[in-house]
Amino acid sequence: MFKVSNLTAYIENKKILDGFSLEINDGEIHTIMGKNGIGKSTLCKIILNDPHYEIKAGDIIYNNKSILKKPTYEIAKEGIMLISQNPTSIEGVTNMEVLRTALREKSSENINIFKFNKEMEDACARLELDPKFIHKEVNVGASGGERKKIELLHVAILKPSFLILDEIDSGLDVDALKVVANFINEYHKESKCSILIITHHKQILDYIKPNYVHILSEGKIVKTGDHHLAEEIETTGFRSNIIDENGKSE
Ligand code: ADP
Ligand code: MG
């Protein structure tokens with residue numbers, strides 16, 4: 001289980017999260033929606049312990065252990081993986097090298113290089129991604145959509161138990177969105193992983209059905225529903241779905 005309790009976080013003296021809480025049971029898919037600049041990416045980065053943020057209160061628990069102060073590589077070893085909104089490129093190291101090294105770190109077993117190669121090629125085929133990227137430097141020379149697929153190639157190999165997708169839908173055309181959504185659905189089915197989808201468009205939720213949809217506003221979740229809530233937001237916007245302390249809409 002993944003649990004954030006009462007998290008309050010600042011960046012440059014600005015409060016971004018204010019008593020934020022969330023619980024995701026194993027295998028569940030949750031979505032967080034919210035307008036631009038509300039703190040969605042901040043939450044993702046804090047989960048992976050980005051040192052730029054100052055945590056003033058609260059905790060983040062994964063599989064009964066606090067991960068709040070763990071270094072990012074240890075959080076990754078626990079099985080948490082973030083596909084960030086704008087995946088960065090890493091010059092001088094290929095996808096193959098990163099994945100082989102990460103796999104060695106993760107498991108004490110020897111890597112069967114034939115199985116490893118086949119898994120990478122199969123994932124590229126499923127993602128409709130040119131397999132030349134396997135031997136290319138991470139995300140170098142890749143378009144926005146290709147970067148998202150390359151990150152999912154890493155998912156296929158590293159097999160996270162909790163996958164966080166920060167606007168995976170941005171930069172994808174409708175065909176690529178379908179391919180990516182199918183891949184995520186298949187991965188969810190075979191791995192039984194938990195998934196947190198961050199988005200501000202409901203379109204991706206037409207393909208991936210979340211168990212819960214949450215709205216983030218003023219540093220915390222202000223409303224929770226099922227995928228119908230995403231449809232409501234698409235037609236009425238975020239404002240009318242934000243409830244004040246007296247239970248009234250804004
Ligand atoms: P979202 O992902 O919901 O669009 P973000 O989490 O990226 O929003 O940003 C939340 C707020 O934090 C915004 O007001 C943004 O300007 C601010 N912020 C994010 N990163 C930084 C930073 N490195 N320095 C200063 N302010 C930041
Ligand atoms: Mg963001």
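Between domain 1 and domain 2 of this predicted model, 8 residue pairs are in polar contact, with both partners at pLDDT 80 or more. On the domain 1 side, the elements that give two or more residues to this meeting place are β3 (29–33) and α1 (40–47). Helix α1 makes the largest contribution there, with 3 residues. Sorted by class, the domain 1 side that touches domain 2 holds 6 nonpolar, 4 polar and 4 charged residues.

It helps to have the domain layout in mind here. Domain 1 is assembled from several stretches of the chain, 1–44 + 52–69 + 209–227 + 238–250, whereas domain 2 covers 73–195. Taken over C-alpha atoms, the centres of the two domains are 25 Å apart. Their contact draws 14 residues from domain 1 and 15 residues from domain 2.

How much area is buried between domain 1 and domain 2? The figure is about 1,200 Å², and carbon and sulfur atoms give 56% of that area. Within domain 1, the residues that lose the most area to domain 2 are Cys-44, Tyr-62 and Ile-67, which together account for 41% of what that side buries.

Charge pairing enters the picture as well. Side chains of opposite charge can pair when their charged atoms come close. Between domain 1 and domain 2 the count is 1 salt bridge. The side chains of Lys-65 and Glu-78 form a salt bridge, with 3.3 Å from N to O.

For the model, the salt bridge count comes to 10. One of these joins Lys-3 to Glu-23, where the closest N and O atoms are 3.9 Å apart. Why does this pair tie together parts that are 20 residues apart in sequence? Lys-3 lies in strand β1 (residues 2–11) while Glu-23 lies in strand β2 (residues 14–24), so the salt bridge links those separate parts.

Now for the ligand. Ligand 1 is surrounded by 13 residues, and the closest are Lys-14, Gly-37, Lys-40, Ser-41 and Thr-42. Polar backbone atoms of Gly-37, Ile-38 and Ser-41 each approach an oxygen atom of ligand 1, at the distances listed here.

| Residue (polar backbone atom) | Partner | Distance |
|---|---|---|
| Gly-37 | oxygen atom of ligand 1 | 2.7 Å |
| Ile-38 | oxygen atom of ligand 1 | 3.2 Å |
| Ser-41 | oxygen atom of ligand 1 | 2.9 Å |

Gly-37 and Ser-41 thus appear both in the table and among the closest residues to ligand 1. For Ser-41, the polar backbone atom is 2.9 Å from the ligand oxygen.

How values were computed: Residues numbered from 1 in each chain as written. Chains lettered and ligands numbered in written order. Predicted model: local features only at pLDDT ≥ 70, side-chain atom pairs only at ≥ 80, totals over all residues. Heavy atoms only, no water. Domains from an automatic or database assignment. Contact = heavy atoms within 4.5 Å. Buried area = accessible area lost by both parts, 1.4 Å probe. Salt bridge = Lys/Arg side-chain N within 4 Å of Asp/Glu carboxyl O. Polar contact = N/O pair within 3.5 Å; in protein donor to acceptor, adjacent residues only side chain to side chain. Helix = DSSP H or I, 4+ residues; strand = E, 2+ residues; numbered from the N terminus. Nonpolar A, V, L, I, M, F, W, Y, C, P; charged D, E, K, R; others polar. Near = heavy atom within 4 Å.
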